[in-house]
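Good morning, everyone, and thank you for making room for me today. I would like to walk you through one protein structure, slowly enough that those of you who are new to this can follow along on the screen.

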Amino acid sequence: MGSSSEDFSVVVLASDLGIDARPFLTNQEREVEEQENWYDCPQNLIADEDFSDLELLQFFRVQGHDKSGNRIFRIVGKYFPAPVVSGDRLKRYIFHKLCSELPEGPYCIVYMHSTVQKEDNSPGITILRWIYEDLPSYLKDRLQIVYFIHPGLRSRLVFATLGRFFLTGGLYWKIKYVSRLQYLWEDIKKGEVEIPEFVKGHDDVLEHRPLTDYGIEPDPLHMTEVPSTAYSFGRYEERWASREYTS
C-alpha cells in the first residue's frame with residue numbers, strides 16, 4: 001500500500017452471468033472457436049452421395065446472417081427442378097447441406113417464392129412436412145424463423161387452412177411473410193443474402209401491380225415472366241440423363 005504500482009485493468013467474465021465472451025477474443029481465437037462449434041450429425045443423416053448436379057443449381061445455399069445473428073439458408077424456389085428430383089433425394093440433399101455447412105447456433109431460412117410454378121418447382125407440402133419431421137429435434141429447435149418472400153394467394157390459403165395441421169414442431173408460427181424486399185431489409189442487412197435478378201424484377205412489378213401475386217390484378221404484358229426452368233433442365237440434362245432420380 002505504501003508503494004506505487006502501474007495502473008492496470010482486469011476484465012472478469014462470469015460464465016454464470018451468461019456474458020458472451022466472443023467480442024473479447026482475438027480474430028484467431030474466434031476463428032478457432034467457430035471451427036470447433038459443430039454438431040456431430042447422426043450417421044443415418046450423412047449421405048455418401050454425389051450432389052454436384054444439385055449444387056450447380058444453387059437453389060439451397062448458406063449465406064450470411066440476419067440482424068439477430070441467425071445463419072441464413074437461402075432457398076430459391078424457381079431454381080428447384082421438382083419434376084426430375086425425387087422427394088427422397090431432396091431429403092438426403094437437405095440433410096447433407098445441414099450437416100456439412102451448418103455450424104452450431106441458431107439459423108433461419110430465406111425462401112424466395114417469386115414466380116414459382118406448382119408443377120415445375122414445388123415438391124409439395126406433404127414432402128416438405130415429411131422432410132421437416134425427420135429432422136433431429138436439435139435442428140428443429142435451432143430454426144428461428146422462415147422468411148417467406150413473395151407469397152402468392154395459393155400459398156397463403158394453403159398455410160392458413162392446413163398449415164397448423166401439416167406443419168408440426170412450431171414451424172407454422174415461425175413463418176414470416178415478406179411481400180416486398182424492402183421489408184426483408186428490416187431483418188437482414190443488404191448484402192448478407194444474394195437476391196437473384198428475376199426476384200428483384202418481380203419485386204419491381206409488384207411496386208406497380210401489387211395484386212399480381214394474388215391473381216386479382218391481371219398481368220397482360222406478362223411482366224412477371226422469367227426464363228423457365230426448362231433452361232436449367234437443358235443446361236444439365238446430359239448429367240441428369242445418366243442418373244436415377246425416381247428411387
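I will begin with the whole chain, go on to the sheet and a pair of helices, and end with a few single residues.

Please keep in mind throughout that what you see is a predicted model. The protein chain holds 10 helices and 5 strands, and of its 247 residues, 39% count as buried. If we take the contacts between residues at least 6 apart in sequence, 77% of them join residues that are at least 24 apart.

Let us turn to the sheet. In what order do the strands of this sheet lie? The order is 1-2-3-4-5, in an open sheet of 5 strands with mixed pairing. The edges are formed by strand 1, residues 60-65, and strand 5, residues 175-178, each of which pairs on one side only. On average, neighbouring strands of this sheet are turned by 25° against each other, if we ignore direction. For those who have not met sheets before, strands pair through backbone hydrogen bonds, and they can do so either parallel or antiparallel.

We can now step through some of these pairings. Strand 2, residues 71-76, runs parallel to strand 3, residues 107-112, and 6 bridges join the two; if you look at V76, you will find M112 of strand 3 standing opposite. Strand 3 is in turn joined to strand 4 by 6 bridges, and these two strands also run parallel, with Y107 standing opposite L143 of strand 4. Strand 4 then pairs with strand 5, again in the parallel sense, over 4 bridges, and here the bridge partner of Y147 is K176 in strand 5.

I would like to stay with strand 4 for a moment, which covers residues 143-149. How many of the residues of strand 4 are buried? The count is 6 of 7, so that, taking the cut-off of under 20% relative accessible area for a buried residue, the strand is mostly covered. L143, which belongs to this strand, has a relative accessibility of 3% and therefore counts as buried. L143 touches Y107, C108, I109, Y132, L171 and K174, leaving out residues up to four places away in sequence. The C-alpha atoms of L143 and Y107 are separated by 5.1 Å, although the two residues are 36 apart along the chain.

At the edge of the sheet we find F60, which lies in strand 1 and is buried, with a relative accessible area of 5%. Apart from residues up to four places away in sequence, F60 touches F73, R74, I75, Y93, I94 and K97. The last of these, K97, lies in helix 3, and it may be worth pausing here: is K97 buried or exposed? K97 is buried, because its relative accessible area is 2%. Its contacts, leaving aside neighbours within four places in sequence, are with E55, F60, R61, F73 and L102.

Helix 3, residues 87-101, also brings us to helix 5, residues 125-133, since the axes of these two helices come within 10 Å and cross at roughly 40°. The two helices are therefore oblique to each other, and their crossing is right-handed. On the side of helix 3 the contact is made by G87, D88, L90, K91, I94 and F95, and on the side of helix 5 by I127, W130 and I131. Sorted by class, this contact has 6 nonpolar, 1 polar and 2 charged residues.

Finally, I would like to show you two residues for their backbone angles. Most residues other than glycine have a negative phi. Q58, however, has a positive phi near 55° and is not a glycine, and T115, which is not a glycine either, has a positive phi of about 55°. Where do these two residues lie? Q58 is in the loop between helix 2, residues 52-57, and strand 1, whereas T115 is in the loop between strand 3 and helix 4, residues 118-121. Q58 counts as partly exposed, because its relative accessibility is 36%, while T115, at 12%, counts as buried.

That is the tour I had planned, and I am happy to take questions.

Terms used
Residues numbered from 1 in each chain as written. Predicted model: local features only at pLDDT ≥ 70, side-chain atom pairs only at ≥ 80, totals over all residues. Heavy atoms only, no water. Pairing = 2+ DSSP bridges. Axes fitted to C-alpha atoms, helices over the stretch in contact; angles between N-to-C directions. Parallel < 35°, antiparallel > 145°, perpendicular 65-115°, else oblique. Left-handed = near helix turned anticlockwise from the far one by under 90°. Contact = heavy atoms within 4.5 Å. Nonpolar A, V, L, I, M, F, W, Y, C, P; charged D, E, K, R; others polar. Buried < 20%, exposed > 50% of the residue type's maximum accessible area, 1.4 Å probe, protein only.
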